[in-house]
Amino acid sequence: MRSVAADLGVNPEILRNWVRAAGASRPRGRRVETSAEPPTPLEAENAALRKKVRELEEEREILRKAAKYYAGETRW
């Protein structure tokens, strides 16, 4: 959150408020029973990639909304 706020040039608390106002939250996946076996390397990689995709999608949404906010602010 801090790095995104720095990239946008805003206070992290302001960005946090925007995220809350937009209703965005940390991903809450479905709870799934875990097996006693450790995941295979492919399963572990897939899980890591899915997590990264969720993070990037959330960041993109935050940036999209921030850009929209700033675009409306610059109009006279």
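Residues with under 20% relative accessible area are taken as buried, those over 50% as exposed, and those in between as partly exposed. These terms are applied here to a predicted model. The mean pLDDT of the protein chain is 82, and 80% of its residues reach 70 or more. Confidence is lowest in α1, where the mean is 83, and highest in α3, where it is 91.

The largest nonpolar core comprises six residues, namely Val4, Ala5, Val10, Leu15, Val19 and Ile62. Two elements, α1 (2-8) and α2 (12-22), each give two or more residues to this core. Within the core, Leu15 was examined for its contacts beyond the neighbours lying within four places in sequence. Contacts of this kind are made by Leu15 with Met1, Val4, Ala5, Leu8, Val10 and Ile62. Of these partners, Val4, Ala5, Val10 and Ile62 are themselves members of the core.

Both ends of α2 show local features. At the N-terminal end, α2 is capped by Asn11, a side-chain oxygen of which lies 2.7 Å from the backbone nitrogen of Glu13. Just after α2, a positive phi of about 80° is found at Gly23.

Aromatic pairing was considered next. The count of aromatic pairs comes to three. In one of them, the ring centres of Trp18 and Tyr69 are 5.1 Å apart and the planes stand at 50°; because this angle is neither under 30 nor over 60 degrees, the pair is classed as tilted. Trp18 belongs to helix α2 and Tyr69 to helix α3 (residues 41-73), so the pair ties together parts that are 51 residues apart in sequence. Trp18 has a relative accessibility of 24% and therefore counts as partly exposed. Tyr69, with a relative accessible area of 42%, is likewise partly exposed.

Trp18 also forms an aromatic pair with Tyr70, with a centre-to-centre distance of 5.9 Å and an angle of 80° between the planes, an edge-to-face arrangement. This pair, too, links distant parts of the chain, with Trp18 in helix α2 and Tyr70 in helix α3, 52 residues apart. The relative accessible area of Tyr70 is 28%, so this residue is partly exposed. Trp18, Tyr69 and Tyr70 together form one aromatic cluster.

Helix α2 thus contributes to the largest nonpolar core alongside α1, and through Trp18 it is also paired with Tyr70 of helix α3.

Terms used:
Residues are numbered from 1 along each chain as its sequence is written. Side-chain values use heavy atoms; hydrogens and water are left out. A nonpolar core is a set of buried Ala, Val, Leu, Ile, Met, Phe, Trp, Tyr and Cys residues joined through side-chain atoms within 4.5 Å. Buried means under 20% relative accessible area, exposed over 50%, partly exposed in between (1.4 Å probe, protein chains only). Helices (H or I, at least four residues) and strands (E, at least two) are DSSP runs, numbered from the N terminus. Contact means heavy atoms within 4.5 Å. Rings of Phe, Tyr and Trp (its six-membered ring) pair if their centres lie within 6.5 Å; planes under 30 degrees apart count as stacked, over 60 as edge-to-face and the rest as tilted. A polar contact is a pair of N or O atoms within 3.5 Å; within protein, one must be able to donate a hydrogen and the other to accept it, and residues adjacent in sequence count only if both atoms are side-chain atoms. pLDDT is the predictor's confidence in each residue, from 0 to 100.
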